[in-house]
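Here are my notes on this one, in the order I jotted them down. Have the structure open while you read.

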Amino acid sequence: MTDGIRIEADSLGEIDVPADKYWGAQTERSLRNFPFGAEERMPLAIVHALARIKLAAARINRAHGLEERLAGAIEQAAAEVASGQHDDQFPLVIWQTGSGTQTNMNVNEVIAGRANEILTGRRGGKAPVHPNDHVNKSQSSNDSFPTALHLATAEALIHRLDPALAGLEAALAAKAAAWAQIVKIGRTHLQDATPLTLGQEFSGYAEQIAKARRRLDGTLPDILALAQGGTAVGTGLNAPLGFARDFAAEISRITGLSCQPASNAFEALASNDALVAVSAMLATLAGALTKIANDIRLMACGPRAGIGELILPANEPGSSIMPGKVNPTQCEMLTMVAAQVMGCHAAVAIGGMSGQLELNVYKPLIGANVLRAIDLLDVGVTSFTIRAVEGLEPNRHRLAELVERSLMLVTALVPEIGYEKAAEIAKYAAAHDQTLKDAARATGLIDEGSFDRLMRPETMIGPDRR
């Protein structure tokens, strides 16, 4: 070791590695061969999941002959990596080998380097703990990396995105309950329609989120089925009998997830269909969020020259030139997030269909985009809930005014006078800029008493109970 450099070696020969780093030759080669910027780094959630895999494997390998002191040092080092203590030791980027081998080896080398420091006081190297022979024992990148993607995705869905969506669902449901009696005009095709309540409208949004949560929850059984134990091509070569079963039990204890071995290891290595399915549900959620956010900003447009039914919370000044302007910034943010999630899904879908034979080699692309989508949705949904939905207020005066002026209330007259006569009243009112009552009186198509009896918007928000 000289001038802050130490020599590491792999099957291609020797290479200089910074002396203060735990990693070894394969990490250093990848760092040099794929020179993308730091913003393209492999998500740490995948690194931490790989470290938990190494921790679980060390415990199982101990029972199959791995020396106790080596297994113990690997466990300690792996636990440190999993907890984020050595995050600066993982510089590799998403854009590398499609199996994730280099990131798997980065984790193997760092854990070995730290384990060797624990045992000997010297950082790095391959003795007494070897990154392949000991840390990667009974494993291949081809089963470890997809297992890490599944674990990271499950944890992100369960511990981050679902709580964020639960908060949004609850906020929308609370508005639905609070506004259950506020009658407003409905709109279809962006044109006036029959009345409903503001609460009914928001109950639809709450149900969209509830269904999105159920769809995402439905992806978890396949995500919690793990490839680990298939090793290189699905046969389990170089893993002891029962490793897949024992690993699933051990990783379940470590993570608190209900993991199972994949029902078919060949499918688990050759495809990433489970992650594509998650991505598809994230894209579906993005569509729902876009609908909700766009509806809110439409109803809030104004405040005087637009629809103006909702009053947005004023989070920040809306214009650098127009004083007092309030913009729907949280709606804009969320719809941009949704667009990016759609883009992530496009990449995931292409990656999912692009593997060949025994291995899908688009795993880093797929995993990184699924996790990016979840991260964006988690933050975006939480912010939208707190800074938009919870602070929304109804403009009761404007809501009532628009109901009163709507021509589509004429629909309530149809059972009494028929569609054609009701249409004639509506057209007359539109042509002469009159109220429906004035138009009914002018056309003589219904008597005033019957008109007043039928023209009650509060009775038009459910099935006819006459």
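1. The second largest cavity is lined by residues from several stretches of the sequence: Glu-8 and Ala-9, then Tyr-22, Trp-23, Gly-24 and Ala-25, then Glu-109, and finally Gly-124, Gly-125, Lys-126 and Pro-131. Its volume comes out at about 50 Å³. Sorted by class, that lining has five nonpolar, three polar and three charged residues. Bear in mind for this and everything below that we are looking at a predicted model.

2. How many cavities of 30 Å³ or more does a search of the whole structure find? It finds three. The largest cavity has a volume of about 60 Å³. Its lining is made up of Leu-312, Pro-313, Asn-315, Glu-316, Asn-327, Pro-328, Thr-329, Gln-330, Cys-331, Arg-387 and Ala-388. Two elements, α12 (329-352) and α13 (363-389), give two or more residues each to that lining. The largest share is three residues, and it comes from α12. By class, the lining of the largest cavity splits into five nonpolar, four polar and two charged residues.

3. Just past part of the first lining I described, there is a cis peptide bond to check. The bond joins Ala-127 and Pro-128, and omega is about 0 degrees. Pro-128 sits in the loop between α4 and α5 (131-135).

4. There is another cis bond further along, from Gly-302 to Pro-303, where omega is near 10 degrees. For Pro-303, look in the loop between α11 (273-299) and β7 (310-311).

5. While you are checking backbone geometry, have a look at Leu-190. Its phi is near 65 degrees, which is a positive value in a residue other than glycine. Where is Leu-190 found? It is in the loop between β3 (183-188) and β4 (191-197).

6. Now for helix packing. Helix α2 (residues 44-63) packs on helix α4 (residues 101-120) at an angle of about 60 degrees, with the axes 10 Å apart. The two helices are therefore oblique to each other. The crossing of α2 with α4 is right-handed. On the α2 side the residues are Val-47, Leu-50, Ala-51 and Lys-54, and they meet Thr-103, Asn-104, Val-107, Asn-108 and Ile-111 in α4. Five residues of this contact are nonpolar, three are polar and one is charged.

7. Helix α3 (residues 68-82) packs on α4 as well: the axes come within 8 Å and cross at roughly 120 degrees. That puts α3 oblique to α4. Is this crossing left-handed or right-handed? The crossing of α3 and α4 is right-handed. From α3, the contact takes in Arg-69, Leu-70, Ala-73, Ile-74, Gln-76, Ala-77, Ala-78, Glu-80 and Val-81, and from α4 it takes in Val-110, Ile-111, Arg-114, Ala-115, Ile-118 and Leu-119. By class, the α3 contact with α4 has 11 nonpolar, one polar and three charged residues. If you want a residue to centre your view on, try Ile-111 of α4, which is listed in the contact with α2 and in the contact with α3.

8. The last pair is helix α16 (residues 419-431) with helix α17 (residues 436-443). Their axes come within 8 Å and cross at roughly 115 degrees. The two are therefore roughly perpendicular to each other. The crossing of α16 and α17 is right-handed. Ile-425, Ala-426, Tyr-428 and Ala-429 make the contact from α16, and Leu-436, Ala-439, Ala-440, Ala-442 and Thr-443 make it from α17. Eight of these residues are nonpolar, one is polar and none is charged.

Technical notes
Residues are numbered from 1 along each chain as its sequence is written. This is a predicted model: local features need pLDDT of at least 70, side-chain atom pairs count only at pLDDT 80 or more; totals for chains, interfaces and linings use all residues. Side-chain values use heavy atoms; hydrogens and water are left out. Axes are lines fitted to C-alpha atoms, for helices over the stretch in contact, and angles run from 0 to 180 degrees between N-to-C directions. Helices (H or I, at least four residues) and strands (E, at least two) are DSSP runs, numbered from the N terminus. Angles under 35 degrees count as roughly parallel, over 145 as roughly antiparallel, 65 to 115 as roughly perpendicular and the rest as oblique. A crossing is left-handed if the near helix is turned anticlockwise from the far one by less than a right angle, and right-handed if clockwise. Contact means heavy atoms within 4.5 Å. Ala, Val, Leu, Ile, Met, Phe, Trp, Tyr, Cys and Pro count as nonpolar, Asp, Glu, Lys and Arg as charged, and the others, Gly among them, as polar. On a 1 Å grid over the protein atoms alone, a cavity is a set of points where a 1.4 Å probe fits but cannot get out, and a pocket is an open set with protein on both sides within 12 Å along at least five of seven lines; lining residues have an atom within 4 Å of a point. Grid points are joined across faces, edges and corners, and a volume is the space filled by probe spheres set on the points.
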